[in-house]
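Trainee: Could you take me through one part of this model closely, namely a single helix together with what surrounds it? I would like a connected account rather than a list.

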Amino acid sequence: MIKMKCLDKGLVFWLTGLSGSGKTTIGNLVKERLRKEGYKAEIIDGDWFRQNIDQNAGYTKEERRKHLIRVANFVKILARNGVITICSFVSPYEDVRNEVKNIIKSEADFYLIYVKCDLEECIKRDPKGLYKKALKGEIKNFTGIDDPYEEPKEYDLLLDTVNNSIEENVNKLYEFINKKINEK
Ligand SMILES: Nc1ncnc2c1ncn2[C@@H]1O[C@H](COP(=O)(O)OS(=O)(=O)O)[C@@H](OP(=O)(O)O)[C@H]1O
Ligand SMILES: Nc1ncnc2c1ncn2[C@@H]1O[C@H](COP(=O)(O)OP(=O)(O)O)[C@@H](O)[C@H]1O
């Protein structure tokens, strides 16, 4: 059995982007690669957290804010125990992302990763059929349709999922994380 490598202090890589931009696809593949290298790594994503921990969370700005603050406190505990934590959340508001960062950075290094994909392409991908429903008005407050996505003004890494393949983005994020591990 491989002995898992645990860091003294954790690292949090927070992926933000529209639904369908590729956060979960890229995050999962990078997590698997880190585990193969023997690291303790987790991915926490919006669907999982909402289904298992925060079942009543909604999608108004205040509901998303409270939900993401719960996520930040949860993630902080993982990170301070040395787990490399990849977070995959739409997290559409700049001020809330800053709140999240402030909560996490007291105990772990925090990096904001912007997973960039334009709305037209996300609508084309529509992996869960949610844009179709939102465009018909069957889902309210859908990010990009009738709720805003505020592009990050500053970020630590950009993953362009329109012009770069899944593999290229996985390599880019993996290299970035590896560099941060080696700097510790
Ligand atoms: N109204 C609305 N807006 C955006 N997304 C919606 C909405 N309703 C349901 N979904 C699905 O929920 C996932 C987003 O959850 P998050 O916790 O990441 O959102 S947030 O950070 O609180 O904004 C998101 O998952 P991803 O597609 O993986 O991003 C959607 O599948
Ligand atoms: N270059 C790319 N990077 C990431 N995902 C891509 C790319 N090209 C196509 N896709 C597809 O887009 C979809 C993204 O879905 P997902 O990872 O669930 O996004 P999110 O978690 O941001 O909602 C997947 O079906 C994935 O295969």
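Mentor: Directly after helix H1 comes Gly38, a residue whose phi is positive, near 95°. This is a predicted model, and what follows should be read with that in mind.

Helix H1 itself runs over 23-36. Its 14 residues, taken at 1.5 Å a residue, should span 20 Å, and the C-alpha atoms at its two ends are 20 Å apart, which agrees with that expectation. Within H1, the buried residues are Lys23, Thr24, Ile26, Gly27, Val30, Lys31 and Leu34. Viewed down the helix axis, these buried residues fall within an arc of 160°, so they line one face of H1. The cover over them includes five strands, S1 (11-16), S2 (41-45), S3 (84-88), S4 (109-116) and S5 (157-160), and it also includes helix H7.

H1 and H7 come together again in the surroundings of ligand 2, since each of these helices, H7 being 166-183, supplies at least two residues of that shell. The largest share, 4 residues, comes from H1. In total 17 residues surround ligand 2, and the closest are Gly22, Lys23, Thr24, Thr25 and Thr161. Lys23 and Thr24 thus appear both among the buried residues of H1 and among the closest residues to ligand 2. By class, the shell around ligand 2 holds 12 polar, 3 nonpolar and 2 charged residues.

For ligand 1, the shell consists of 21 residues, of which Ser19, Gly46, Arg64, Phe89 and Val90 come nearest. Here the elements giving two or more residues are helix H2 (46-52) and helix H3 (61-80). The classes in this shell are 8 nonpolar, 8 polar and 5 charged residues.

Returning to H7, one of its residues is Glu175, which is exposed because there are 12 other C-beta atoms within 10 Å, and a residue counts as exposed at 12 or fewer. Between Glu175 and Val100 the separation is 75 residues in sequence and 24 Å in space, C-alpha to C-alpha.

As for the wider setting, an unreviewed UniProt entry carries the annotation "domain: APS kinase" for residues 9-159. In the model that span is 44% helix and 18% strand, and its end C-alpha atoms lie 25 Å apart.

Technical notes: Residues are numbered from 1 along each chain as its sequence is written. Chains are lettered from A and ligands numbered from 1 in the order in which they are written. This is a predicted model: local features need pLDDT of at least 70, side-chain atom pairs count only at pLDDT 80 or more; totals for chains, interfaces and linings use all residues. A residue is near a molecule or strand if its C-beta atom, placed from the backbone, lies within 6 Å of it. Ala, Val, Leu, Ile, Met, Phe, Trp, Tyr, Cys and Pro count as nonpolar, Asp, Glu, Lys and Arg as charged, and the others, Gly among them, as polar. The expected span of a helix is 1.5 Å times one less than its number of residues. A residue is buried if 20 or more other C-beta atoms lie within 10 Å of its own, exposed if 12 or fewer, and partly exposed in between; C-beta atoms are placed from the backbone. The arc is that of the directions from the helix axis to the C-beta atoms. Two residues are in contact if their C-beta atoms, placed from the backbone, lie within 7 Å. UniProt positions are given in the numbering used here, feature names are shortened, and annotations may be inferred rather than shown by experiment.
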